[in-house]
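Welcome! Take a moment to look over the sequence and the model, and then let us walk through its aromatic rings together.

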Amino acid sequence: MTELTIRRPDDWHLHLRDGEMLKAVLPETARHFARAIIMPNLVPPVVTGKDAAEYRDRIMAAKPDGSKFQPLMTLYLTEETDVRDLRAAAEIGLIHAVKLYPAGATTNSASGVRDFTKVKRVLENMAQIGLPLCVHGEVTDDEIDIFDREAVFIERVLDPIRRDVPGLKVVMEHITTKDGADYAREGGDNLGATITTHHLVINRNHILVGGIKPHYYCLPVAKREEHRLALRRAATSGDPSYFLGTDSAPHTDANKLLPCGCAGCFTATNTMSILAEVFEQENALDKLEGFAALHGPAFYGLPVNQDTITLTKGDPVTYPEKIETGDGPVTVFDPQMPLHWSVSA
Ligand code: DOR
Ligand code: ZN
C-alpha cells in the first residue's frame, strides 16, 4: 500500500498552553486534526466553567485563518470542584471531560486531588450525566518506584474508584504499561485508554543509554521494551478500547535542558507520519483509522469527522527539528527513524 485515506483524526489528549506558546503550537495540531481534548493544566488551572469558556475563546482566537479545528474543553478536578458549575458547563456542551491529576503527579498538578473521598460526589454526578473522567494514572507516593507507579495506581486508586462509582466513564490517559493495556481491554464500554505516539516508539533506554536525553523524558515515563511492545499490540489491534491521545506537551528547550527539566514530548508536528510508519511496521495500516479517528468519538459519544486526510508513502518526509515560539524554541520529537508517509488534506 502506498496511499491511505482515512477520516480526519482527532487528538484525545493535548496540551496547548496559553499566550505565545499557544499561538505557536496550535497550527501544528490544527494542520491534521479536527478536534482535540484540551488539557486544563495551565497556571492557574482551568477549574470552572468560566475558566474553560475563556480558555476556549483564547484558543479560537489563536487558530490559523480558515482552520476548522475544534477544541474540546475539560475542567481540572480539585477537591473544591463545584458540582453545579460542572453540570452547567457539561449541559451547554462547553466541557467534554474532567481531568484528574493526583496532586504532584506531573507538570502543574499541585492543585490536584489528594483525598479521593472528597471528589466522590462530583464523580457520582459525572456518572449520572455520562461525562468522562480523564485520569493521569500514577500514584505519587515517595516509596513507589517511578516505573511501578502506573500499575500501583490501577490497583490502589483506579479500580477502587470504578467500583465505588459504577457507571463512571473513565479514560486511562497515556498508558505506558502492559498492565494498563490489559486493564483497559477488560474494563467494558465505560473504560477506554489513550496511547501516545511517543510511547509507541521509545522505551526507557532511549532516555538513559549513552547520555541522558531530556527530550525523551515525559510522564508517565517510558517503560521497558516489553511494555512498548504491548502498547504497539494494543494500538494496532483494532480494539475500540484504545485511541490516540498524543499528550503532545510543549516546553521550551530552556525548560527541558535544566538540572530539573520539564516532562513532555512535543509530537504534534509529526504524529501522523510516525503513526503511519508504526502501523505499517506492525502490518496494521488498516487499523490506523480506527485508532486515530473512530474509537475516540465512539467513546466520547461524538460524531466521526466527515472529511479525510490522505497519507502517501514516498521519500522520507522532512519536518522542522524545532518550532520557534515567542517563548523560545521547542524541539519536535525525534522518532530516530526515517518517516515515509506524508500527510495531505
Ligand atoms: O510529560 C508530560 N507532560 N506528562 C504530563 O502528564 C503533563 C505534560 C505537561 O503538561 O507538560
Ligand atoms: Zn498530558
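Let us begin with a charge above a ring: Lys169 lies over the face of Phe299, at 4.9 Å from the ring centre. Please keep in mind that this is a predicted model. Arg204 offers another example, with its charged end over the ring of Phe147, 4.5 Å from the centre.

| Charged residue | Ring | Distance to ring centre |
|---|---|---|
| Lys169 | Phe299 | 4.9 Å |
| Arg204 | Phe147 | 4.5 Å |

Now to rings that meet other rings. How many aromatic pairs are there? The count comes to eight aromatic pairs. One of them joins Trp12 and Tyr300, which are stacked, at 4.8 Å centre to centre and with 15° between the planes. Trp12 belongs to strand β2 (residues 11-14) and Tyr300 to helix α11 (residues 288-300), so this pair ties together parts that are 288 residues apart in sequence. Are these two residues buried or exposed? Trp12 is buried, with a relative accessible area of 1%, and Tyr300 is buried too, at 9%.

Phe299, which we met beneath Lys169, also has an aromatic partner. The ring centres of Phe243 and Phe299 are 5.7 Å apart and their planes are at 35°, so this pair is tilted. Phe243 sits in strand β9 (residues 242-244) and Phe299 in helix α11, so the pair ties together parts that are 56 residues apart in sequence. Both Phe243 and Phe299 are buried.

Finally, the two pairs come together: Trp12, Phe243, Phe299 and Tyr300 form one aromatic cluster.

Conventions. Residues numbered from 1 in each chain as written. Chains lettered and ligands numbered in written order. Predicted model: local features only at pLDDT ≥ 70, side-chain atom pairs only at ≥ 80, totals over all residues. Heavy atoms only, no water. Phe/Tyr/Trp six-rings, centres within 6.5 Å; stacked < 30°, edge-to-face > 60°. Helix = DSSP H or I, 4+ residues; strand = E, 2+ residues; numbered from the N terminus. Buried < 20%, exposed > 50% of the residue type's maximum accessible area, 1.4 Å probe, protein only. Lys NZ or Arg CZ within 6 Å of the ring centre and 35° of its normal.
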